[in-house]
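Trainee: I've got a model open and a pile of labels on it. Can we go through what earns each label?

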Amino acid sequence: MESRRAVKPRKKSAIPGVTIKQFVEVIPKGCSTPDFERKPITLTLQEGKNAMFRAVVKGQPPPKVIWKRSKEEMNNPDKYQMSFNGITNEFILQINKLTAEDTDLYHCSAVNEYGEAACTAGLKVIQVSFKKTAKPFPTEPQEDLKKELQDFRKMLRKRTPLPAQKKEVDMEQVWQLLLNADRKDYEKICLKHGIVDFRGMLRKLQQMKKDREDKQQQYIYSVTNLKHIKVNKEGNATFHLEMDLKNPESRIYLYKDGQLINYGFNDDKVKHCLRQAGKKYNFTINHLQLEDAGVYQIKVEDVDVFSTELETDSIPVGFRHLLSEVHCHEQGNAIFECSLYSPCYDAVWLYRKHPIEESDKYKISISPDGLTHQLVIKNTQLTDEGTYTLDIRICSSSAWLEVEPARGKSRQTEGDGTDTNGWQTDKSILPDEERAKELLQGEGLGNQKHLKSTGTGKDGQYGKSHCHFDKGLSDVSAQKGKPDVLSCSLSNDQVEGIWFKDEFKQLTGLDEVSSEKYGLVHKLIDTVEDSHAGKYKFEAEGVKTEASILVEDPPNVDKALLEKLMKEPVIVKAGQNAMVKIPFEGRKPVRATWLRDGDELLNDARIHIDKADNFTRLSISSTNRKDCGDYKVKLKNDSGTLEASLKLEVIDKPQKPIGPIEVVDSSTTGITIQWKPPKDDGGTPVQNYIIERQQVGRKTWVTLGETSRNNSTFTTNKVGQDKSYRFRVRAVNAEGKSKALESDEVMAATKAFPGPPAPPQFVSANKESITLSWAAPPKTGNSRILGYIVEKRKKGSNIWTPITDLPITDRKWMVTDLKEGLQYEFRVAAVNAAGAGEASAPSDAVFARDPMKPPGRVRDLKVTNTDYTSITLFWMKPDSKEGGSAKGYKVEKRSSDSLKWTHCNTVPIGLTTCTVKGLQAREMYFLRVRAINEGGLGEAVALDTCIQAAPPIVSPKFLRDDTMKNFMIIKAGSCIRMHMPFEASPTPEVIWLKDGLPLPSRAIVSTRDGLSQLLIPSAEFSDSGLYTIILQNHWGKKESFSFQVQVADIPQSPGPILLQEKVLNTVTVIWEPSPTEKWESNLYYVVMKCDSNKGSWQVVGDLIYTNKFTITKLIPGRGYYFRVVAKNYMGTSDPSETAQPWIMQKEKDEFKVRLPKYRRVNQNMPPRFLVQLKPHVVTTAYDCHMSCAVSGYPKPKITWYKDGRNLSEDPTFFSTNDFGR
């Protein structure tokens, strides 16, 4: 078989890292080369463990699997065990008792007679250092060994992860990345790939851009809207561009790191997918893995169009194997384990959404590569049941722990910790010897095997193994009407089990399912129907496993109908109605979408789409040729999607022939005319042409005859001398005649001479020859042009000399027989059947000498001024050593989203400065200048960067005025309006914030012409806060302004009043606070009393910031009413009053106290201020409260003044004096 290899090149596998070779040229139908459905993965394990590589392959005939390693042969059958699991279809390589020498690269290949698929997987063995010095196990205490193992595991968890190998990238790909990158990313890309010559890099990019544009013009009109690769939340990457191809059939290729990769169209199931909508091309990379990182390139034919890079850091971490449900006995140990696609060292374990930390109860382990995470729950109790979750920030995985009551003998499943069926051993009841072995092996990192469960009898001997699951049930997503099964495998083929469905309903032979047993394997269901959906459980001798069946019923259309629609087009005559009905089956509802040439069809005046539960119908009334095309119906439901394609052809009469009708010959004896076939033949071939004639002045048309479809020339001799005629031609097919193509008037007269052509133009000139070209004359006479006569003369001479003896049939000629250094002029005369016509005007004089060299490159091109509509350039003349002297200059421009250069001046300019006008404001432009002389155009010199049509930069700055306040008090319900004038160029980005966060949705911001306005129509209390406006331009310069807004309103009334008498002749008023107090910080209360005898209210307490006030000087026996109001800047609330009067009880017996006589002390004291008046800032229309404290005896008289004026008699001012006692 080795001799047959390399017949064909390597094929690409859908599995990354797999290479396929094909041995034969043609593979028979029904056969295929081998491929991997699941390849073995790289393992990192401790020394002394067993490694197990698993692979699943496919191919027809079934391939043979061969295992090898790089360093040496695998000849030891005790060391290397190769097996095949028929239940899981896995080929297994098990390596026992790992040592450091087993670290190697292992090769797995699948071979059949048609090809070979191969892949590799690495094995890294971690040496356990304490094993080298450990004493024999029976003599070492168990606790010391356990502590040593725990310290070792902690050391593994703290190990710094190995840095990822840097992927080698071809420098050509790096330059392609720079070509398509934004200028702000140049530095990052150069530093990443070691490019240090930035100036050289810019010069090379400029030349590469020019070369690429020239190549792209072969296949592409324009390339715009290049969007680099981005990764979404679903773990897919997308990048797209808009591309206008000259030929829609041009092939588009996708490369990754320089290797061609295949992609699908509009199919999310493939790895790489292209979606096209008009000129938009969207590429998607589904189900990202670390292997997908690299440089992606798009090429049209062999021309580079776009390059972008998918970096490893942008690929989200995902689960390779999710957490699975775990069953264990009470007081046993439960193990949860999962693996990731990418390393993660900061994952968090959760129990019922609460974080879990390392403790005596929980042991958390992470493999050195960060891919495998394990949680061990020790000494499980019934209260430990619940959901356990591993959160890796981007996503999480959860599984359920089920704890069974303790039994006499507990078991543990045989597996790698992720098997969810069977029992796990309670390690605390193992004999010391077995416990020591298990501690030595460890239970934390990587893929591991656990001991089989055993029990012990009274004599201490090991008992017989219980039944357990080798393989549990797995959820199945099956398609209706197709065979599928649920299967599990027990360790004992003598055990019978019981199947249950949906809430533990036992299945019997009468149910619509069938169960079978093949040795250790138990199977359920054959052909799937809707009734089979549900949750199933299988129990046998105390162990159980569960799984669900989800029945999928995607849309289905009869295969014969699909084949017929694809092979046979739907043909309808123009003007008739077209109708296509597609019956289908599938789970309801089924959504039907009709498309034509990729665009969705919608109902209109002619198109009607009917949708029902079991069919969809497209009807087109009054069809025409524009309705022709490829139609597609897309049927979609929750279970899948189906597409059916068909072709609609509308046949009609042909279009009229392409004109104009040319008169080949005209004379008194006959007229010959010529035309071109019609552009559209109506869907059926043209059979012939009908030629008619009308004499000018008459209304009737006379049929002259017919020609075959291959003959587009007709001659008639039925003409009269000096009479004028019109001709018309119709094309005929099976559907009828086309419209007529009419000619101009044609006279059957004596042959006329042709008119003069335009002066000839020069194509090239040198000392030996001059090449001329010219156009046909506008008037050809009444017959076709037979040729041309070209004449020459020396400048200043009157003698014209023909350059050939016979007329020239072409319109281009190279003139020789010239004398070097002389100037020549040329003219041309047309010749028809009548003879030579009038000659053209002389051409410009041209020297017979070698052409002058084009000028060199202009120097020091730079921009001297810009505004919103123009850019001014300046440059220096080219160096005379590089070429001929410049006679003028041409300036060209192109916008940043176009590849086409346009001229800014029609006539070369003689100055070395130019103002390019008529530009779009703030648009980016590329500009270049060429020198020109008689030798042609010189090489273009372009500016290094694109220039924006904008005035010089002005940093953002606020124009402060009286309207810009730092503090505003707004009444609730009123409008908040703030104007912020500013100046900046270009117009900056304006950002409004409230308390450092974006504005609420009710806020309206408008910015134009140097003014930004904030408007909140109806202010609410939540609108209070610190508002900030930030101006920021593209260069990072910022300017900000902040102001405080306080929204207030008339406060609400305080709550009910409670009165308490704690001291004789005093009452304490207590009230519930006003609801306004929750958001109003400047709220205070006023307490008033009303003597029931007087009837007037008197303020007894003001500026109270608590909810309690004590009133004195109450007269016993009198009734008092009390009132409390809340006040703030906006006004006073409605009062809260007592309903019943409060009466102070009179004393029944007068109590007299005889005080001893004492000598009075002189208390006289002059007045003095204890607390001075303070300045107050008050808002207009608000109350102002001012206070001070004085002392003196007897009580001084208090008088208030304003600006020297006594305020005692002014009613607008109110003052009260409260003297202490």
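Trainee: What sits over the ring of Phe847?

Mentor: The charged end of Arg849, at 4.1 Å from the ring centre. The rule asks for NZ of Lys or CZ of Arg within 6 Å of the ring centre and within 35 degrees of the ring normal, so Arg849 qualifies as a charge over a ring. Lys299 does the job over the face of Tyr255, 4.8 Å from the ring centre.

Trainee: What should I keep in mind about the model itself?

Mentor: This is a predicted model, so local features need pLDDT of at least 70 and side-chain atom pairs count only at pLDDT 80 or more, while totals for chains, interfaces and linings use all residues. Residues are numbered from 1 along each chain as its sequence is written, and side-chain values use heavy atoms, with hydrogens and water left out.

Trainee: What makes Tyr351 and Tyr388 a stacked pair?

Mentor: Rings of Phe, Tyr and Trp (its six-membered ring) pair if their centres lie within 6.5 Å; planes under 30 degrees apart are stacked, over 60 edge-to-face, and the rest tilted. Here it's 4.6 Å centre to centre with 25° between the planes, so "stacked" fits. Tyr351 is in strand 23 and Tyr388 in strand 27, so the pair ties together parts 37 residues apart in sequence. The count by this rule is 21 aromatic pairs, and one aromatic cluster is formed by Phe239, Tyr263, Phe265, Phe283, Tyr296 and Phe306.

Trainee: Are Tyr351 and Tyr388 buried or exposed?

Mentor: Buried means under 20% relative accessible area, exposed over 50%, partly exposed in between (1.4 Å probe, protein chains only). Tyr351 has 14% and Tyr388 has 0%, so both count as buried. Across the 1221 residues of the protein, 40% count as buried.

Trainee: Which side chain makes a polar contact with Ser367?

Mentor: That of Asp369, at 2.5 Å. A polar contact is a pair of N or O atoms within 3.5 Å; within protein, one must be able to donate a hydrogen and the other to accept it, and residues adjacent in sequence count only if both atoms are side-chain atoms. The Ser367 side chain also reaches the backbone nitrogen of Leu371 at 3.4 Å, so that one makes the cut-off too. Ser367 sits in the loop between strand 25 and strand 26, and at 3% relative accessibility it counts as buried.

Trainee: How do you know that strand 75 and strand 79 pair?

Mentor: Strands here are DSSP runs of E, at least two residues, and helices are runs of H or I, at least four, numbered from the N terminus. Two strands pair if DSSP finds at least two bridges between them. Strand 75 and strand 79 have six, running antiparallel, so they pass. Val990, for instance, has Leu1031 as its bridge partner in strand 79.

Trainee: How many bridges link strand 75 and strand 76?

Mentor: Two, in the antiparallel sense, so the pair meets the rule. Lys994 is bridged to Leu997 in strand 76. In that hairpin, with two residues between the strands, Asp995 takes a positive phi near 55°.

Trainee: What makes strand 55 and strand 59 edge strands?

Mentor: Each pairs on one side only. The sheet is open, with three strands in the order 55-56-59 and antiparallel pairing. Strand 56 is joined to strand 59 by four bridges, and Ser773 has Lys812 as its partner in strand 59.
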